[in-house]
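Here is a short tour to read alongside the model. Keep the sequence and the 3D view open as you go.

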Amino acid sequence: MDQDYTNRLNRLDQLNTVDETVRHTPKRPHRRPQPIYTDKMFWVLMVVSVLSQLAIWWIYPLIYSKHLVGGPWQENPLLVFYSILLALATYLTFSYGLTSRINYLFILVPLAFIYFLYQQMTVQQIILLILLPLSLFLINISWLNLQNILGLILYSGIATLSLPVVIFYQQNTFLTTPFLLSLLPLFLCYLYYMSSIFIPDGQNKRITSLIFGIILLINVLTLPWNFWTFLAIVVIVITWMVFINYDLKFKYRMGFLSFFEMITVLIIFLQQR
């Protein structure tokens with residue numbers, strides 16, 4: 001009986017000792033997330049994204065215009081500067097996350113700059129230039145509920161028709177229906193590469209991007225078969241398998257996806273020369 005009592009006391013002492021050890025064990029310091037302004041990768045990807053967007057907007061209209069007899073080239077450095085501001089606003093808006101309040105500040109900069117373009121362009125051109133930052137503004141208003149496939153289609157359509165059309169008109173002083181129809185692959189590229197930003201999580205992200213990726217692949221398969229066609233297919237497949245299927249950090253998505261979108265767009269457009 002006494003031995004049994006003694007054993008119980010020993011076990012109780014052991015439990016108290018373990019509890020004291022756990023209580024006095026120093027906790028590991030909590031690692032705070034790295035502030036975005038100190039993230040070097042974020043700023044490197046910003047440069048990549050801005051250059052990619054500028055290439056998407058400018059290169060194809062200028063190449064297409066070489067086959068037409070249009071008016072003289074009207075140099076407009078203000079339009080170039082506006083496109084840089086808009087590319088920056090687009091990157092920052094989609095990298096900080098939709099509905100973030102600071103996004104309104106980014107969007108207001110290119111909107112305000114349109115004032116300097118007003119005296120040099122037609123009303124139709126100004127309206128087209130306003131549409132893209134305006135669409136970014138509307139997408140960030142949470143109660144409009146545009147952070148979904150509807151917002152994706154809205155942004156993709158406006159991004160396709162805004163700056164490329166203005167740049168083409170600036171080069172030729174007119175528009176052609178074949179040029180507008182030839183922008184369809186650009187629209188499909190925006191739908192595919194921007195899908196994981198508007199639908200950022202879960203199975204819906206993978207399914208949506210897969211559907212738009214298949215549509216884009218079908219469009220690429222209609223091009224003449226050569227090395228560049230094969231490269232475009234590889235880029236589209238790798239983008240889905242690596243950067244969309246797996247959860248890349250949201251703040252890095254716009255940079256990587258803009259770069260691969262640029263490659264795909266230029267391959268498709270250069271095939272149409």
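The notes below go from confidence to the core, then to one serine and one helix.

This is a predicted model. Its mean pLDDT is 83, and 82% of the residues reach 70 or more. Do treat residues 18-33 with care: pLDDT stays under 50 there, and the model gives this stretch 0 contacts beyond four places in sequence.

Now to the interior. The largest nonpolar core holds 76 residues, and Trp57, Leu79 and Tyr155 touch the most other members. Helix H2 (residues 40-65) supplies the largest share of this core, with 11 residues. If you centre your view on Trp57, you will find that its contacts outside the four places on either side in sequence include Ser83, Leu86, Leu132, Leu163, Pro164 and Tyr190.

Tyr190 is also touched by Ser195, a residue of helix H10 (residues 195-198). Ser195 counts as buried because its relative accessibility is 0%. Its side chain reaches the backbone oxygen of Tyr192 at 2.8 Å. Beyond four places in sequence, Ser195 also touches Leu152, Thr208, Ser209 and Phe212.

Finally, have a look at helix H13, which is mostly covered, with 17 of its 22 residues buried. Its end-to-end reach is close to the expected value.

The helices mentioned here are listed with their residue ranges.

| Helix | Residue range |
|---|---|
| H2 | residues 40-65 |
| H10 | residues 195-198 |
| H13 | residues 250-271 |

For H13, the distance from the first C-alpha to the last is 32 Å, against 32 Å expected at 1.5 Å a residue.

Technical notes:
Residues numbered from 1 in each chain as written. Predicted model: local features only at pLDDT ≥ 70, side-chain atom pairs only at ≥ 80, totals over all residues. Heavy atoms only, no water. Core = buried A, V, L, I, M, F, W, Y, C linked by side-chain atoms within 4.5 Å. Buried < 20%, exposed > 50% of the residue type's maximum accessible area, 1.4 Å probe, protein only. Helix = DSSP H or I, 4+ residues; strand = E, 2+ residues; numbered from the N terminus. Contact = heavy atoms within 4.5 Å. Polar contact = N/O pair within 3.5 Å; in protein donor to acceptor, adjacent residues only side chain to side chain. Expected span 1.5 Å × (residues − 1). pLDDT = per-residue confidence, 0-100.
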